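Okay, thanks for having me on the schedule today. Let me put the structure up, and then I'll walk you through it.

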Amino acid sequence: MFSSVEAGLIYAIMALGVYMSFRILDFPDLTVDGSFVTGASVAAVMIVGGANPFAASAAALVAGFAAGAVTGLLHTKGKINPLLSGILMMIALYSINLRIMGKSNVPLLQQETVITKITAVWQQTGLDAVLSQLFSFTGFAPRTWAILCSMAVLTFVIKGVLDWLMKTEFGIALRAAGDNKPMVASFSANTDWLIVFGLGLSNALVAFSGALIAQYGGFSDVNMGVGMIVIGLASVIIGEALFGARSVVRATWAVIGGAVVYRLILALALRVEFLETGDVKLITAFIVMAALIVPNVWAAQKEKRRKKRKAQQLERGESIAGAKTNYKSI
């Protein structure tokens, strides 16, 4: 369960990227399945080649931005349907990722990664003993708090930067382009480049998450991005259903919370005896379906109760009015 929270925080970065494309830009971007692996493959190949893991992770960020920007150009300049643009880029990235890695899988278990560096520095501080003592009431003590604390800080920093960006003039224009593109164009804003930049930023976050997941898991695989868009959507939908999304700041908190909750639900589901590791995608599909259906059912029940209360109030009002009329006639 502890590792699920760690992974959830890393996947939350990917979920923030999905939130950017699906909620901010209203763009169904399927590039995510490919750009996630692009980030992982770029980072893995550079690390194996002797590059600094932090520089490799930064390079993954740039590679993801390039992939998203190409998707945006296919849509804005090539006039290709948004959904088809993402599908075409996702398919192209499969071959590109194979080219980058040179094979289908690149192991990182014997390499120095961001995770190993952070863990080594953390152990010198002695904070593990302090935190374990503080949280002793929970009944468990992880091997190290390094990954959880560092990924939490990193995720919250990215969230803070994203929140700040969305409040700037450029960010407001970006949000407006997703809500009403013709209106933004009427103010002489270049909506095409807004979409290109937005998709680039979205996939940069996705690729960065992929690079961290590869270093966290100890390998990069060409198929590790399959179904990633569904995981991202599940995080967004679960977060919005549980925590709400009335503002960008609250929505980004909800996305992070949704990513962690999703990983916890998945971990609990896999503890059921008749479910196997191969059922992960099936479990994900059911989680997304439940996250979509349950809020609608609750809303329908709430509306039904509201109408019932209103009808009862009207009946009481009519009864009181009738009683007053009878009293006056007497």
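I'll start with the overall picture, then go through some helices, the ring pairs and a few odd backbone angles.

First, the ground rules. This is a predicted model, so local features need pLDDT of at least 70 and side-chain atom pairs count only at pLDDT 80 or more, while totals for chains, interfaces and linings use all residues. Residues are numbered from 1 along each chain as its sequence is written, and side-chain values use heavy atoms, with hydrogens and water left out.

So, the big picture. The protein has 13 helices and two strands; helices here are DSSP runs of H or I with at least four residues, strands are runs of E with at least two, and both are numbered from the N terminus. The C-alpha trace spans about 100 × 60 × 40 Å along its principal axes. There are 330 residues, and 46% of them count as buried. Buried means under 20% relative accessible area, exposed means over 50%, and partly exposed is in between, with a 1.4 Å probe and protein chains only. The exposed surface is about 17100 Å², with carbon and sulfur atoms supplying 65% of it; that's Shrake-Rupley with a 1.4 Å probe, and for residues only the protein chains shown count as cover.

How about contacts, meaning heavy atoms within 4.5 Å? Take the ones between residues at least 6 apart in sequence: 78% of those join residues at least 24 apart.

Now helix α10, residues 191-217. How far should its 27 residues span at 1.5 Å a residue? The answer is 39 Å, and the end C-alpha atoms are 39 Å apart, so that agrees. The expected span, by the way, is 1.5 Å times one less than the number of residues. Of those 27 residues, 23 are buried, so α10 is largely enclosed by the rest of the structure. At the N-terminal end, N190 acts as a cap, with a side-chain oxygen 3.3 Å from the backbone nitrogen of D192. That fits the polar contact rule: a pair of N or O atoms within 3.5 Å, where within protein one must be able to donate a hydrogen and the other to accept it, and residues adjacent in sequence count only if both atoms are side-chain atoms. Just after α10, G218 has a positive phi of about 90°.

One residue to click on in α10 is L205. L205 is buried, at 8% relative accessibility. Leaving aside neighbours within four places in sequence, L205 touches I13, M14, L16, G17, L61 and I158.

Helix α2 goes much the same route. Its 17 residues should span 24 Å at 1.5 Å a residue, and the end C-alpha atoms are indeed 24 Å apart. Here 14 of the 17 residues are buried, so α2 is largely enclosed by the rest of the structure too. G50, just after α2, takes a positive phi of about 100°.

And α11, residues 228-243, has 16 residues and reaches 22 Å from first C-alpha to last, close to the 22 Å expected. Its buried residues include M228, I229, I231 and E240. G244 follows α11, with a positive phi near 85°.

On to the rings. Rings of Phe, Tyr and Trp (its six-membered ring) pair if their centres lie within 6.5 Å; planes under 30 degrees apart are stacked, over 60 edge-to-face, and the rest tilted. How many aromatic pairs does that rule give? Four. Y11 and F36 have centres 6.1 Å apart and planes at 5°, so that pair is stacked. Y11 sits in α1 and F36 in α2, so the pair ties together parts that are 25 residues apart in sequence. Both Y11 and F36 are buried.

F170 and F197 are edge-to-face, because their centres are 5.0 Å apart and their planes are at 85°. This pair links distant parts of the chain, with F170 in α8 and F197 in α10, 27 residues apart. F170 is partly exposed at 32%, and F197 is partly exposed at 30%. Ring pairs also bring in F65, giving a cluster of F65, F170 and F197.

Last, two backbone angles to look at. D26, in the loop between α1 and α2, has a positive phi near 55° without being a glycine. D26 is exposed, at 55% relative accessibility. K79, in the loop between α3 and α4, isn't a glycine either, and its phi is positive at about 60°. K79 is exposed as well, at 67%.

That's my tour, thanks.

Definitions and conventions:
Contact means heavy atoms within 4.5 Å.
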